[in-house]
Amino acid sequence: SGDPRYPDAWKKIESRVTGRALSFLEKAPFSNLTVMHTVLSGIPAGTVVHLGNSAPVRYSQLLPARAGLRYFANRGTSGIDGVLSTAVGAAMVSDAGHLLVLGDLSFVYDSNALWNKAFPDNLNIVVINDGGGGIFRLLDGPGRMAFFEEFSVTHHPVSLELLSQSFGRNFLRARNMAELTRMMDGMFQSGPGGTILEADTTESENSLIFKQFFSLNQ
């Protein structure tokens, strides 16, 4: 039999670490990580949450899971393709409110999913736009390669606003936390509608903020 004090000790550590993390997130600047925290903290209970590969699902695992939400992700595919199509298909056969959180590359790559003439109005979408595959900026190895910016980050010229509007979708853009909070409130208070909200973090210190968060308890 194990020492009964062992799980209690872990729970105390978890509580202390969670408290530090939440305190950091409440004060940290607008960034990929704080956008994820704000979005997942502010959506209504009962929402079905779809998490895109690869940064959104990774960021979400650093945050406390909410008991009132259902989480899904195409994580086993280890790729960005099909994320939007999966969320559209799931929302089409559901009466619940659905929210998809994904990166700009995932959104652009699978944008034809917006073409469905039976597009569900119970699906809202938050696109975290950090100007390409920002997940690779968190890794030490790729950043030292000469081809990093061209092939790993994968910058693209696509306007998410024009792309969304070309499919007839409602579009909003938030460039700071105040705008994000206001637009998130409006997205869900106004009921069904199928809005695409771009959280533009291209000017944010995403890598620095992430590394600061990760070093809190080291």
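**Two buried asparagines, a helix pair and the loops around them**

The side chain of Asn122 reaches the backbone oxygen of Ala96 at 2.8 Å, a polar contact in the sense of a pair of N or O atoms within 3.5 Å (within protein, one must be able to donate a hydrogen and the other to accept it, and residues adjacent in sequence count only if both atoms are side-chain atoms). The model is a predicted one, in which local features need pLDDT of at least 70 and side-chain atom pairs count only at pLDDT 80 or more, while totals for chains, interfaces and linings use all residues. Residues are numbered from 1 along each chain as its sequence is written, and side-chain values use heavy atoms, with hydrogens and water left out.

A second backbone oxygen also comes into the picture for Asn122: that of Ala91 lies 3.2 Å from a polar atom of the Asn122 side chain. Asn122 itself sits in the loop between α5 (104-109) and β4; here helices (H or I, at least four residues) and strands (E, at least two) are DSSP runs, numbered from the N terminus. Is this loop residue buried or exposed? With a relative accessibility of 15%, Asn122 counts as buried, given that buried means under 20% relative accessible area, exposed over 50%, and partly exposed in between (1.4 Å probe, protein chains only). Apart from neighbours within four places in sequence, Asn122 is in contact with Ala91, Ser94, Asp95, Ala96, Gly97 and His98, where contact means heavy atoms within 4.5 Å.

Strand β4 (residues 123-129) contains another asparagine, Asn129. Asn129 is buried because its relative accessibility is 9%. A polar atom of the Asn129 side chain lies 3.0 Å from the backbone nitrogen of Gly131. When residues up to four places away in sequence are not counted, Asn129 touches Asp104, Leu160, Glu198, Ala199, Asp200, Thr201 and Thr202.

One of these partners, Thr202, belongs to the loop between β6 (195-200) and α9. At a relative accessible area of 36%, Thr202 is partly exposed. Its contacts beyond four places in sequence are with Asn129, Asp130 and Gly131. For Asp130, the C-alpha atoms of the pair are separated by 4.3 Å, although Thr202 and Asp130 are 72 residues apart along the chain. The side chain of Thr202 is also joined to that of Asp200 by a polar contact of 2.7 Å.

Asp104, another residue touched by Asn129, offers a further view of how the chain folds back. How far apart in space are Val158 and Asp104? They are 54 residues apart in sequence, and their C-alpha atoms are 9.3 Å apart. Val158 is found in the loop between α6 (148-152) and α7 (160-166). With a relative accessible area of 30%, Val158 counts as partly exposed. Leaving aside neighbours within four places in sequence, Val158 is in contact with Val108 and Leu163.

Attention now turns to the start of the chain. Asp3, in the segment before α1, is partly exposed at 38% relative accessibility. A polar contact of 2.8 Å links the side chains of Asp3 and Arg5. Helix α1 has 23 residues and reaches 34 Å from its first C-alpha to its last, close to the 33 Å expected at 1.5 Å a residue; the expected span is 1.5 Å times one less than the number of residues. In α1, Ala21, Phe24 and Leu25 are buried, and the buried residues of this helix pack against α2 and α9 (206-214).

Two packed helices are described by the angle between their axes and the distance between the axes. Helix α1 (residues 5-27) and helix α2 (residues 32-42) pack at an angle of about 105°, with axes 9 Å apart. Axes are lines fitted to C-alpha atoms, for helices over the stretch in contact, and angles run from 0 to 180 degrees between N-to-C directions. The two helices are therefore roughly perpendicular to each other (under 35 degrees counts as roughly parallel, over 145 as roughly antiparallel, 65 to 115 as roughly perpendicular and the rest as oblique). Leu22, Leu25 and Glu26 of α1 meet Leu33, Thr34 and His37 of α2. As for α2, 9 of its 11 residues are buried, so the helix is mostly covered.

Across the whole chain, there are 9 helices and 6 strands, and 44% of the 218 residues count as buried.
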